[in-house]
Every structure is written in structure tokens, then in C-alpha cells.
Amino acid sequence: MARRNKKKIYSIIEPIGNENKLSNIYDFIMMTTIVVSIIPLAFKETNAFFQLIDYITVSIFILDYLLRLLTADYKLEKSVASFRLLIK
């Protein structure tokens, strides 16, 4: 069961084609997050709203990184054991 969910997550975050609607939504969310994360950098002063944007966008980027780390063995097309050897 967990392996099937992991494969599903991989198919969403690493699209092979344009046929996956969830993958397209994920890509749109990530692109929007990138653009929104740049907004506070355009201003000299900071405020609570800009800090909130930073916290939210950084949280989304961390989640994306963790999902990619979780599914890296599919990207490498090797087993989980070989991935663990790679990161040591």
C-alpha cells in the first residue's frame, strides 16, 4: 500500500506527460509559490504580511523537498537501499 502511494506521489511531482491533472495542479501551485515568494524581495521594508508570505512559501518549498526526497528512488530508478547508499 505504501509503495503504491509513493508511486502516486512520484507521478504527481515528476510528470511524464500532460495527461495527469493532479500533476498540472501541483506544477501550477509550485510556480505560483515561486512568484509569490519573490514579492517581499521587491520592497525595502518588511511587515507582518511579508513575513507570513515567507513562512507559507518556505513551508511549501520544504514540503516539496521532502516529497522529492521520499520518491528519489523512483527518479534514480533504483531500490531504496541504493538511494540510502548514495546519501551516506
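Student: What percentage of the 88 residues of the chain count as buried?

Tutor: The model is a predicted one. A residue counts as buried when its relative accessible area is under 20%. Of the 88 residues of the chain, the share that meets this criterion is 24%.

Student: In which order do the elements of the chain run from the N terminus on?

Tutor: The chain has five helices and zero strands. Read from the N terminus on, the order is therefore written with helix symbols, strands being absent. The elements run α-α-α-α-α.

Student: Are the helices H1 and H2 parallel or oblique to each other?

Tutor: Helix H1 spans residues 2-13, and helix H2 spans residues 21-38. Their axes come within 7 Å and cross at roughly 60 degrees. Angles under 35 degrees count as roughly parallel, and 65 to 115 as roughly perpendicular. The crossing angle falls in neither class, so H1 and H2 are oblique.

Student: Which residues of H2 make the contact with H1?

Tutor: On the side of H1, the contact is made by Lys8, Ser11, Ile12 and Ile13. The residues of the contact divide into four nonpolar, two polar and one charged. From H2, the contributing residues are Leu22, Ser23 and Tyr26.

Student: Is Ser23 buried or exposed?

Tutor: Ser23 lies in helix H2. Not counting residues up to four places away in sequence, Ser23 touches Ser11, Ile12 and Pro15. Its relative accessibility is 0%, and because buried means under 20%, Ser23 counts as buried.

Student: How is Asp27 classed by its relative accessible area?

Tutor: Asp27 also lies in helix H2. The C-alpha atoms of Asp27 and Glu14, 13 residues apart along the chain, are separated by 9.3 Å. The relative accessible area of Asp27 is 27%, which lies between the limits of 20% and 50%, so Asp27 is partly exposed.

Student: Why is the pair of Phe49 and Phe50 classed as tilted, and at what angle do the planes lie?

Tutor: A pair of aromatic rings is described by the distance of the centres and the angle of the planes. The structure holds two aromatic pairs. In the pair of Phe49 and Phe50, the ring centres are 6.1 Å apart. Planes under 30 degrees apart count as stacked and over 60 as edge-to-face, so this pair is tilted, with its planes at 45 degrees.

Student: Which residues do ring pairs link into a cluster?

Tutor: Phe49 is exposed, with a relative accessible area of 52%, whereas Phe50 counts as buried at 9% relative accessibility. Both belong to the cluster linked by ring pairs. The members of this cluster are Phe43, Phe49 and Phe50.

Key. Residues numbered from 1 in each chain as written. Predicted model: local features only at pLDDT ≥ 70, side-chain atom pairs only at ≥ 80, totals over all residues. Heavy atoms only, no water. Helix = DSSP H or I, 4+ residues; strand = E, 2+ residues; numbered from the N terminus. Buried < 20%, exposed > 50% of the residue type's maximum accessible area, 1.4 Å probe, protein only. Contact = heavy atoms within 4.5 Å. Axes fitted to C-alpha atoms, helices over the stretch in contact; angles between N-to-C directions. Parallel < 35°, antiparallel > 145°, perpendicular 65-115°, else oblique. Nonpolar A, V, L, I, M, F, W, Y, C, P; charged D, E, K, R; others polar. Phe/Tyr/Trp six-rings, centres within 6.5 Å; stacked < 30°, edge-to-face > 60°.
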